[in-house]
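Please open the model in your viewer and keep a selection panel at hand. The tour moves from one selection to the next and says what is found at each stop.

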Amino acid sequence: MNRWRLLGGIAVVVASFTAMLAAPTTTLGADLALNPEYAESPIPSIWTRADGPAARTGHDQSWLWGPHIRSITREPYGSAPDGSRQVYYFDKARLEITDPNGDRNSLWYVTPGLLVGELITGRIQVGDGTFVQTAPADIPVTGDIANNPLSPTYATLAPLASVGDDPERARRPSQIGQPVTALLRADGTVEQDGVAESAVQIAGYDAALGHNIPDVFLRWIQDQPYPWEYVVGHPLTEAYWVDTMINGAPRRVLMQAFERRVLTYDPANPSGWQTESGNAGLHYRVWRDLKMPDDPQLISLAAGVPLGELIVDKALEHGIDPFFFAALAKVASNFQPLGRMENGGIGFFGVRPEIVASVGDKRALDPSVNADLAASVIAPLATQFSDMRHVLAVYYTGSNHPDWSDPALNAFVSNVLDTQAWMLAEFNHPANLLREPPPPEPAPEPALRYIGTGPAAYYAPGYTVAWWEYTLQRHASWGNAVPGWAPDPNGYYCVHPDFRPGQRLRLTANGVTLWCTIGDSVATWDQPAWRARWAVELSYNTFQALHLGQNNRVEVYAP
């Protein structure tokens with residue numbers, strides 16, 4: 001079973017307090033709010049140490065990562081073992097696993113992404129020392145992301161930041177002990193004494209890139225449970241006071257850009273929230289127009305292939321089958337933005353030179369631009385021709401009358417269509433599902449003991465039988481499943497804190513009796529509240545099979 005089906009190991013429970021499947025009220029469209037406590041190890045421990053329930057009990061503190069994971073997907077990275085890395089987007093940052101074979105005991109097995117430099121320069125890192133250039137992020141660094149003309153944008157910071165080919169140009173001398181009085185306007189103008197009444201002072205100096213660090217930021221960094229290099233990285237700019245809009249009202253705050261995040265200080269905020277990490281993770285997703293699809297059957301594809309969110313979104317925007325579009329990217333470049341094909345095509349989708357000429361080679365390597373260029377060719381061809389082999393042949397050759405005697409052409413067309421069929425099966429698309437085999441002969445009914453009666457919670461419909469099978473397999477790989485476990489023969493899965501993955505329960509409700517297999521577990525700290533509310537937790541298809549939407553009351557028995 002392929003790990004891509006698991007969406008990074010997160011179980012999202014809809015009817016339960018333990019996690020929510022909900023669209024956030026931001027400009028991120030269909031992004032989901034996923035509970036980090038259920039992510040694949042070691043993400044839960046990294047998140048919990050700073051932002052978990054125990055870390056936040058009894059005192060106020062601003063978020064280091066954020067309350068939710070917004071997306072779990074893959075990003076191209078040519079230097080990784082398989083050419084891509086697993087990424088976890090939070091509000092404040094992005095966590096990355098570049099080498100899954102690395103030392104899992106090392107803190108740096110999971111690295112916080114260097115997002116801020118990319119937002120400022122538009123240079124997206126796609127490998128060790130390799131980049132794709134696109135436009136810098138014209139997104140406010142602080143405050144409201146929309147209707148905020150007061151705030152400087154990431155692009156505004158470029159002349160003031162130690163980024164690009166000449167980072168030394170932004171170096172500044174040490175000013176320890178001096179007040180922070182510089183005011184940065186939205187147009188990039190700096191007034192060195194714009195905030196003469198400032199009570200914030202310089203308390204540290206980073207000699208690596210030559211930038212001063214205010215006391216309010218230095219204290220916040222030192223309070224985190226991780227080394228400063230891991231939390232923020234080197235400062236990229238000096239600290240500046242800026243005017244911004246927060247919830248539609250004007251405010252003046254202090255901000256400073258670091259490699260891994262932006263820090264802000266608002267003296268008007270309550271204690272514990274005056275210094276905060278900016279929303280660099282959210283800003284990055286808005287900048288690159290990344291969002292998970294609404295269709296549960298496309299979530300697995302969007303999460304499972306590099307830049308899958310972009311592939312699915314662009315395919316739907318242009319009326320192209322997302323699985324076909326993903327297969328094209330796989331064959332054309334192996335999901336590498338700097339890929340080049342034998343026919344001269346370049347970029348993520350191997351766009352031909354005459355199409356690239358409309359925007360230029362450099363811009364065409366931006367995966368978003370490359371996707372639009374590829375779709376601009378494929379969409380009208382798919383309308384004109386019903387045979388997708390012919391569509392691919394015209395895309396590859398640039399001719400409406402392709403030479404089918406060319407072995408390279410035939411190999412390209414066959415590879416794309418074969419890859420599309422593989423993806424339909426791999427990501428559990430219903431168009432490619434085979435008829436279920438007949439159920440086995442029922443075994444003699446074992447002696448049962450009564451466990452309890454009450455309402456049932458259920459997992460989201462997008463968590464398919466394939467997801468449950470893989471989750472059960474993962475528990476087994478951790479030694480958390482019972483000996484002799486097996487996937488449920490009917491695809492019915494359940495969860496109960498008193499039973500281990502692989503065990504079986506018998507359920508009766510609304511005149512229906514069936515057996516389910518324990519496929520996941522309940523976190524220890526959630527068990528008291530769980531027991532107070534539920535008799536059992538079910539996969540969505542099990543919930544439906546018992547007709548619990550009509551009368552949510554189920555009897556639970558165990559052998």
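Two strands are taken as paired if DSSP finds at least two bridges between them. With that in mind, and remembering that this is a predicted model, select residues 504-509, which are strand β18, together with residues 512-518, which are strand β19: the two pair in the antiparallel sense over 6 bridges. Within this pair, arginine 504 has threonine 517 of β19 as its bridge partner.

Next, widen the selection to the sheet, which is open, has 7 strands with mixed pairing, and follows the order β15-β21-β18-β19-β17-β20-β16. Its edge strands, each pairing on one side only, are β15 at residues 449-454 and β16 at residues 456-458. On average, and with direction ignored, neighbouring strands of this sheet are turned by 35 degrees against each other.

Now add helix α15, residues 465-477, which lies across β17 (493-495), β19 and β20 (536-538), and which runs at about 55 degrees to β17.

Finally, show the side chains of cysteine 494 and cysteine 516, which form a disulfide with their sulfur atoms 2.1 Å apart. The pair links distant parts of the chain, since cysteine 494 belongs to strand β17 and cysteine 516 to strand β19, 22 residues apart. The torsion about the S-S bond of cysteine 494 and cysteine 516 is about 85 degrees, and the disulfide is therefore right-handed. Are these two cysteines, 494 and 516, buried or exposed? Both cysteine 494 and cysteine 516 are buried, and a search of the whole structure finds 1 disulfide.

Definitions and conventions:
Residues numbered from 1 in each chain as written. Predicted model: local features only at pLDDT ≥ 70, side-chain atom pairs only at ≥ 80, totals over all residues. Heavy atoms only, no water. Helix = DSSP H or I, 4+ residues; strand = E, 2+ residues; numbered from the N terminus. Axes fitted to C-alpha atoms, helices over the stretch in contact; angles between N-to-C directions. Contact = heavy atoms within 4.5 Å. Disulfide = S-S within 2.5 Å. Buried < 20%, exposed > 50% of the residue type's maximum accessible area, 1.4 Å probe, protein only.
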